[in-house]
Amino acid sequence: MGKMIIYYIVLILLAAGSIWFVIGKNIHFDDAYTEDIINEVKIENSAYTGPALKGFQSKYAVVTTEDINESKFKDDCYAAILIDDKNREPIVSYNALRRIYPASTTKLMTGIVVCDALNAGEISLDQEVTLTHDIIIDEEGALVSMLKNGYTITVRNLIYGLMMRSYNDYAIILAELICGDTATFCERMNQKAQAIGATNSHFVNPHGLHDDNHYITAYDMYLIVNEAKKYDILKEIDSYDTFSYSFTDGDGVSWEDDISPTNQFLSGSYSLPSNITIHEWKTGTTDLAGNILTMNVEVDGKPYSLFVADGVSQDDLYKKIAVMFNLTR
């Protein structure tokens, strides 16, 4: 009888512990954006002379903690910026230096590191990659391809699927190809971020699925999306509105994948004014990051960079970007 009582007490304690864990995690996640977690940033006044950018340099800094034209964004967005790239002036700046979750905009940095590996001769675009294991992505709603253990695909098609369709498994395949494991690849991502001045970012995976210790700032993503301008393959990918490619399964049977951009301006779900041209871009969506889009665009031939992390819906995200387009007039 005594053992049964102890047994039931243990069960009750375990159940209570599980409930408290779930509630505690949910409270933490729900409150992820209500805390004031903007890092204190030191702006260097001296001219930059080193071989690689380090820190928040005044030569490149175009935003501060000051909010600009934030009224249309602060109630719905986690962060938003719009930069006039010709004059290096902020038109919109809201929570620009606040740590937020990047979702799949992470893949911009992944793509940059992959391009650096291409330029260094570590891999080649036509190189064939055969998977030696299944890639497990278990987050609900995460985009994944058809690839399985034994399937073969070229590096070129992996990059297209990564950047255009945002396949999460492709990020892991490329990271393992270049570095052997994702942790070592993420070290390169963080080193690259530091080198371009994106010092308030931290990457722990190459795809952007949620991790509490995986974050960016809107300003850092502005630096990253502008770094992407330097890579021809990324600019080429961002010019497509559809793309078809093939891969083979373990039996040598060829499969085709027809992909469209996750950027809804390019896929046609949302209309883009005729005077606007999209260049480098990346979308991102998770429950905790919200709906995100970062882009380099031209409006009437003049260059701008933007970033919006919207907390309401995809529809609201594109409405916010339309507001930004109007502010360039």
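Ala, Val, Leu, Ile, Met, Phe, Trp, Tyr, Cys and Pro count as nonpolar here, Asp, Glu, Lys and Arg as charged, and the others, Gly among them, as polar. Keep that colour scheme handy for the first stop. What you have open is a predicted model, in which local features need pLDDT of at least 70, side-chain atom pairs count only at pLDDT 80 or more, and totals for chains, interfaces and linings use all residues. Residues are numbered from 1 along each chain as its sequence is written, and side-chain values use heavy atoms, with hydrogens and water left out.

**Stop 1: the largest pocket**

Select Gly141, Ala142, Gly284, Thr285 and Thr286: of the 27 residues lining the largest pocket, these lie nearest its centre. A pocket, on a 1 Å grid over the protein atoms alone, is an open set of points where a 1.4 Å probe fits, with protein on both sides within 12 Å along at least five of seven lines; a cavity is a set from which the probe cannot get out, and lining residues have an atom within 4 Å of a point. The space in this pocket comes to about 530 Å³, where a volume is the space filled by probe spheres set on the points, and grid points are joined across faces, edges and corners.

Now colour the lining by class: you should get eight nonpolar, 15 polar and four charged residues. Then show strand S9 (276-286), strand S10 (290-299) and helix H9 (314-327), each of which supplies at least two lining residues. S9 gives the most, with four. Helices (H or I, at least four residues) and strands (E, at least two) are DSSP runs, numbered from the N terminus.

**Stop 2: the second largest cavity**

The structure holds two cavities of 30 Å³ or more. For the second largest, with about 30 Å³ of space, pick out the lining: Tyr101, Pro102, Ala103, Gly208, Leu209, His210, Asp211, His214, Thr286 and Ala289. By class that lining divides into five nonpolar, four polar and one charged.

Stay on Ala103, which sits in the loop between S4 and helix H2 (106-119). Its phi is positive, about 50°, although it is not a glycine. Most residues other than glycine have a negative phi. Ala103 counts as buried, at 1% relative accessibility; buried means under 20% relative accessible area, exposed over 50%, and partly exposed in between (1.4 Å probe, protein chains only).

For another positive phi in a residue other than glycine, go to Asn69, where the value is near 50°. Asn69 is in the loop between strand S2 (56-57) and strand S3 (77-84), and at 42% relative accessibility it counts as partly exposed.

**Stop 3: the five-stranded sheet**

Switch to cartoon and follow the order S4-S3-S11-S10-S9, an open sheet with antiparallel pairing. Strand S4 (89-94) and S9 stand at the edges with a single partner strand each, so one side of each has no neighbour in the sheet. On average, neighbouring strands here are turned by 5° against each other, direction ignored; the axes are lines fitted to C-alpha atoms, for helices over the stretch in contact, and angles run from 0 to 180 degrees between N-to-C directions.

Zoom in on S10 and strand S11 (residues 302-310), which run antiparallel and are joined by nine bridges. Two strands pair if DSSP finds at least two bridges between them. Select Met295 and you'll find its bridge partner in S11, Leu306.

From the sheet, hop to Met324 in helix H9. Is Met324 buried or exposed? Buried, at 0% relative accessibility. Met324 and Val308 are 16 residues apart in sequence and 9.7 Å apart in space, C-alpha to C-alpha.

**Stop 4: a hairpin**

Select strand S7 (residues 243-248) and strand S8 (residues 254-259), which pair in the antiparallel sense over six bridges. Phe243 has Ile259 in S8 as its bridge partner. The two strands form a hairpin with five residues between them, and Gly252 in the turn has a positive phi of about 85°.

**Stop 5: helix H6 and the cysteines**

Helix H6 (residues 218-227) has ten of its ten residues buried, so it is largely enclosed by the rest of the structure. Among those to click on are Asp220, Asn226 and Glu227.

Last, show the cysteines. How many disulfides does a search of the whole structure find? Zero, with a disulfide being a pair of cysteine sulfur atoms within 2.5 Å. For Cys179 the closest cysteine sulfur is in Cys186, 8.9 Å away and too far for a bond. Cys179 counts as buried at 17% relative accessibility, and Cys115 counts as buried at 2%.
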